[in-house]
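Here's a quick briefing on the pockets, the ligand site and a couple of backbone oddities. Have the structure open while you read.

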Amino acid sequence: MLNRRAVLASLAGAVSVALTSSACGKDSEGSSETRSEGGTVGIAMPTRSSERWLTDGKSVVENLKIQGYKTKLVYGDDDPKVQASQIEALVKQGVNALIIAAIDAKSLNGPLQQAADAKIPVISYDRLILGTENVDFYVSFDNEMVGRVQAHHIIKKLGLEDGEGPFNIELFAGSPDDNNTKYFYEGSMALLQPFLESKQLVVPSGQTRLEQMTTLRWDGPTAEKRMRSILAQWYGNRTVDAVLSPYDGISLGVISALNADGYGTDAKPLPVITGQDAELASIKSIIAGEQSQTVYKDVRELARTATEMVDDILSDRVPRVNNRSDYDNGVKNVPAHLLQPQNVDKANYDVLIQDGYYSVGELK
Ligand code: GAL
């Protein structure tokens with residue numbers, strides 16, 4: 001019933017006008033006062049194995065309901081084939097828009113062609129979908145900044161800017177099929193590289209190339225296994241001083257490997273370990289002095305942004321974007337709206353309570 005792809009083509013041109021005339025502020029046309037007649041939005045999330053994606057799914061559904069939409073939420077359980085068939089099913093069911101957090105950035109060409117043929121607009125949620133023209137908008141956080149925030153924490157904690165060192169560091173990256181992995185890696189390495197060159201940071205395993213560091217599907221046990229083998233092979237008479245971890249699930253896997261190797265005592269303290277997503281288990285670990293840091297991204301805000309975008313598209317308004325040039329998916333520049341990530345460590349974790357992300361009780 002709602003045929004929007006033609007409208008989108010003209011909106012894409014209008015976005016720049018909206019941006020120059022009202023900067024990033026919400027223009028009167030962008031307000032959600034005029035509600036669409038409703039419709040059904042299909043939401044394809046990647047996994048239930050991580051708490052954040054449960055919050056994402058729940059928040060998108062809640063926001064869309066408030067805006068008067070029906071929703072169909074599916075989880076792909078980290079299997080790209082399952083996700084592709086879920087999206088095909090949503091297209092067949094006639095949803096009016098799709099919000100998709102891809103498992104494998106490059107595996108959705110077929111289903112997205114079907115969505116395009118059915119004139120269903122597609123929002124790439126958190127992770128940029130690559131290699132297809134059939135993606136209309138992208139909503140995420142500034143992911144290169146996430147990597148920088150993690151690296152900055154390591155630099156500060158080790159006193160690298162004061163000339164301290166040398167320190168032993170090991171490096172972990174996310175899933176090779178997730179486009180965000182590259183941003184996190186590039187952001188972190190941009191800041192760490194000078195200290196690797198000055199030899200204030202040394203990587204005993206020598207594993208510094210992205211393809212040596214990745215963790216398929218961001219899986220904690222996979223990271224734990226890699227850390228165990230690095231410890232066994234390279235740390236006979238050395239100590240780990242820092243671990244760059246891109247995501248809380250990986251951080252906790254790394255901590256398990258370190259604990260099994262005798263770290264976590266006064267005589268052998270855990271290294272500085274970063275993370276991302278402010279997941280409950282990691283916040284508890286930070287409070288307990290184990291994991292040192294995480295990156296808090298308020299995914300409720302991400303969900304709101306995606307929801308507003310869908311409502312704008314389906315109501316023939318111009319969706320708000322704040323970046324039109326940096327998110328080339330290999331086929332087109334995808335207009336994007338990026339939110340800002342925030343450092344969280346032991347000194348400031350109560351920001352999560354102030355924001356209502358967790359209650360005091362949950363953190364006990
Ligand atoms: C990434 C996301 C991270 C983390 C990770 C594992 O795409 O940007 O915040 O959630 O997936 O789920």
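**Pockets, ligand and backbone notes**

The lining of the largest pocket takes at least three residues from domain 1 (2–135 + 298–340) and at least three from domain 2 (143–296). Keep in mind that this is a predicted model. The second largest pocket also gets lining residues from both domains, so it lies between them. There's a ligand too, and the protein buries 98% of the 300 Å² that the ligand exposes when taken alone.

**Largest pocket**

- The largest pocket holds about 360 Å³ of space.
- Its lining runs to 25 residues, and the ones closest to the centre are Ser50, Trp218, Tyr247, Gly249 and Glu279.
- Four elements give two or more residues each to that lining: helix 2 (51–66), helix 6 (179–197), helix 9 (248–260) and helix 10 (280–287).
- Helix 2 has the largest share of the lining, at 3 residues.
- Sorted by class, you get 11 charged, 7 polar and 7 nonpolar residues around the largest pocket.

**Second largest pocket**

- This one comes in at about 260 Å³.
- It has 16 lining residues, with Thr55, Lys58, Ser59, Arg300 and Tyr357 lying nearest its centre.
- Helix 2 and helix 11 (299–314) each put at least two residues into the lining.
- Helix 2 gives the largest share here, with 8 residues.
- The class split for the second largest pocket is 9 charged, 4 nonpolar and 3 polar residues.

**Ligand site**

- Which residues surround the ligand? They are Arg52, Trp53, Asp126, Arg127, Asp178, Asn180, Phe184, Trp218, Tyr247, Gln276, Asp277 and Lys297.
- Asp277 has a polar side-chain atom 2.6 Å from an oxygen atom of the ligand.
- For Trp53, a polar side-chain atom sits 2.8 Å from a ligand oxygen atom.
- Arg52 has a side-chain N or O atom 2.9 Å from an oxygen atom of the ligand.
- Trp218 and Tyr247 are among the residues around the ligand, and both also appear in the list of residues closest to the centre of the largest pocket.

**Cavities**

- Searching the whole structure turns up 4 cavities of 30 Å³ or more.
- The second largest cavity has a volume of about 50 Å³.
- Its lining is made up of Gln150, Phe172, Ala173, Gly174, Thr181, Phe184, Tyr185, Ser188, Met213, Leu244 and Pro246.
- Helix 6 gives the most to this lining, with 4 residues.
- Charged or nonpolar, what lines the second largest cavity? The lining has 7 nonpolar and 4 polar residues, and no charged ones.
- Phe184 turns up in this cavity lining and is also one of the residues surrounding the ligand.

**Backbone notes**

- The peptide bond from Gly165 to Pro166 is cis, and its omega is near 0 degrees.
- Where is Pro166? You'll find Pro166 in the loop between helix 5 (143–158) and strand 6 (167–171).
- Asp77 has a positive phi, near 45 degrees, despite being a residue other than glycine.
- Asp77 belongs to the loop between strand 2 (70–75) and helix 3 (80–92).

Note on methods:
Residues numbered from 1 in each chain as written. Predicted model: local features only at pLDDT ≥ 70, side-chain atom pairs only at ≥ 80, totals over all residues. Heavy atoms only, no water. 1 Å grid on protein atoms, 1.4 Å probe; cavity = no way out; pocket = protein on both sides within 12 Å on 5 of 7 lines; lining within 4 Å. Points joined across faces, edges and corners; volume = space filled by probe spheres on them. Nonpolar A, V, L, I, M, F, W, Y, C, P; charged D, E, K, R; others polar. Domains from an automatic or database assignment. Near = heavy atom within 4 Å. Polar contact = N/O pair within 3.5 Å; in protein donor to acceptor, adjacent residues only side chain to side chain. Areas by Shrake-Rupley, 256 points an atom, 1.4 Å probe, with all protein chains shown as cover.
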